[in-house]
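Student: I've got a chain to look at and I'm not sure where to begin. Could we go through it together?

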Amino acid sequence: MLKIAGLSSGYGRVSVLEGIDLEVDNQEIVVILGPNGAGKTTLLNSISGVARATTGSILFDGKDITGAKPEQVVRMGLVHCPEGRRIFQRLTVEENLVAAHIGRAGKSFEALRSDVFDLFPVLKERRNGMASRMSGGQQQMLAIGRALMAEPKLLMLDEPSLGLAPKIIHQIFRIILDLSQTGISILLVEQNVQLALECGDYAYLLNTGRVRVHGPAQEIAQHSALSDHYLGSATEEVLHV
Ligand SMILES: Nc1ncnc2c1ncn2[C@@H]1O[C@H](COP(=O)(O)OP(=O)(O)OP(=O)(O)O)[C@@H](O)[C@H]1O
């Protein structure tokens, strides 16, 4: 579904990522872990076309999307649900969904809205309520609902559990697993290492812009070097667990 090879990128003259190789298979949940500033968000931004790749290639669904514009990438079914939710606070739930669907070909608004409401009944209950009046967890559900209006084949989620209560975090992870069951591939950036590794199939650990460790999520969870790497004492060596 997604194949990244030798990707380096950054912002203007600031280089952030160096030589990233990463793959996401069909229906797989791939987790990206790493300390603050490791480059996780920059990696998602580079895939979605917000940050520019300086070297390397990004293939999505068999097509080269290196250097493609964000709107082209979304149209192909690669959808980024950014950190901080970025929903329209002054619009209602329904209006947020409408805004996410404007100008789209494919399934009708009504059909997609119905899928979103099936997945998140609370959004149906609150469809005419202002987004700003909803709890953090409900706003995260709306952010994912908006992303689903673009019919993703691959959904990139940046820290969906950020700032949420433990019970709600479990709900969000349950939803991520449900989405994967519907055939959507997931690329998940998370600070909640334990839950992310329980939920994921494969994991990459980033530090200072490079992949330091990668392997099946279960093996990474048991790997004693993970904490060293996670805490930032990574060597230059890439360990394949
Ligand atoms: N717009 C930008 N312009 C310049 N540098 C940036 C920009 N955004 C991020 N950076 C820098 O890129 C590096 C990686 O940041 P990034 O946000 O990708 O890390 P992260 O792993 O997602 O961290 P966090 O967990 O804190 O979100 C940091 O040194 C950051 O200061």
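Student: Which residues have the most contacts inside the largest nonpolar core?

Tutor: Keep in mind that this is a predicted model. Its largest nonpolar core has 66 residues, and helix α6 (residues 136-148) supplies the largest share of this core, 6 residues. The ones with the most contacts inside the core are L155, I186 and L188.

Student: Which residues does I186 touch, leaving out those up to four places away in sequence?

Tutor: Good one to zoom in on, since I186 is among the residues with the most contacts inside the core. Leaving out those sequence neighbours, I186 touches I29, V30, L155, L157, I176, L179 and S180.

Student: How many helices and strands are there, and what is the radius of gyration of the chain?

Tutor: The chain has 10 helices and 11 strands. For 241 residues the globule rule gives 18 Å, and the chain comes close to that, so it is as compact as a globular protein of that length. The radius of gyration of the chain is 18 Å.

Student: Which element gives the most residues to the shell around the ligand?

Tutor: Start with the residues that surround the ligand: Y11, V14, V16, G34, N36, G37, A38, G39, K40, T41 and T42. Two elements give two or more residues to that shell, β2 (14-24) and α1 (40-47). With 3 residues, the one that gives the most is α1.

Student: By class, how many nonpolar, polar and charged residues does that shell have?

Tutor: Sort the residues around the ligand by class and count each group. The shell has 4 nonpolar, 6 polar and 1 charged residues.

Student: Is α1 largely enclosed or open, and how many of its residues are buried?

Tutor: Go along the helix and you'll find that K40, T42, L43, L44, N45, S46 and I47 are buried. That makes α1 largely enclosed by the rest of the structure, because the buried residues number 7 of the 8.

Student: What follows α1, and what is its phi?

Tutor: Step past the end of the helix and look at the backbone there. The residue is G49, and its phi is positive, near 90°.

Student: Is A111 buried or exposed?

Tutor: A111 lies in helix α4 (residues 109-119). To count as exposed, a residue needs 12 or fewer other C-beta atoms within 10 Å of its own. A111 has 11 C-beta neighbours inside 10 Å, so A111 counts as exposed.

Student: How far is A111 from L197?

Tutor: Along the chain they are 86 residues apart. In space, the C-alpha atoms of A111 and L197 are separated by 33 Å.

Conventions. Residues numbered from 1 in each chain as written. Predicted model: local features only at pLDDT ≥ 70, side-chain atom pairs only at ≥ 80, totals over all residues. Near = placed C-beta within 6 Å. Helix = DSSP H or I, 4+ residues; strand = E, 2+ residues; numbered from the N terminus. Nonpolar A, V, L, I, M, F, W, Y, C, P; charged D, E, K, R; others polar. Rg over C-alpha atoms; globule rule 2.2 N^0.38 Å. Core = buried A, V, L, I, M, F, W, Y, C linked by C-beta atoms within 7 Å. Buried ≥ 20, exposed ≤ 12 C-beta atoms within 10 Å, placed from the backbone. Contact = placed C-beta atoms within 7 Å.
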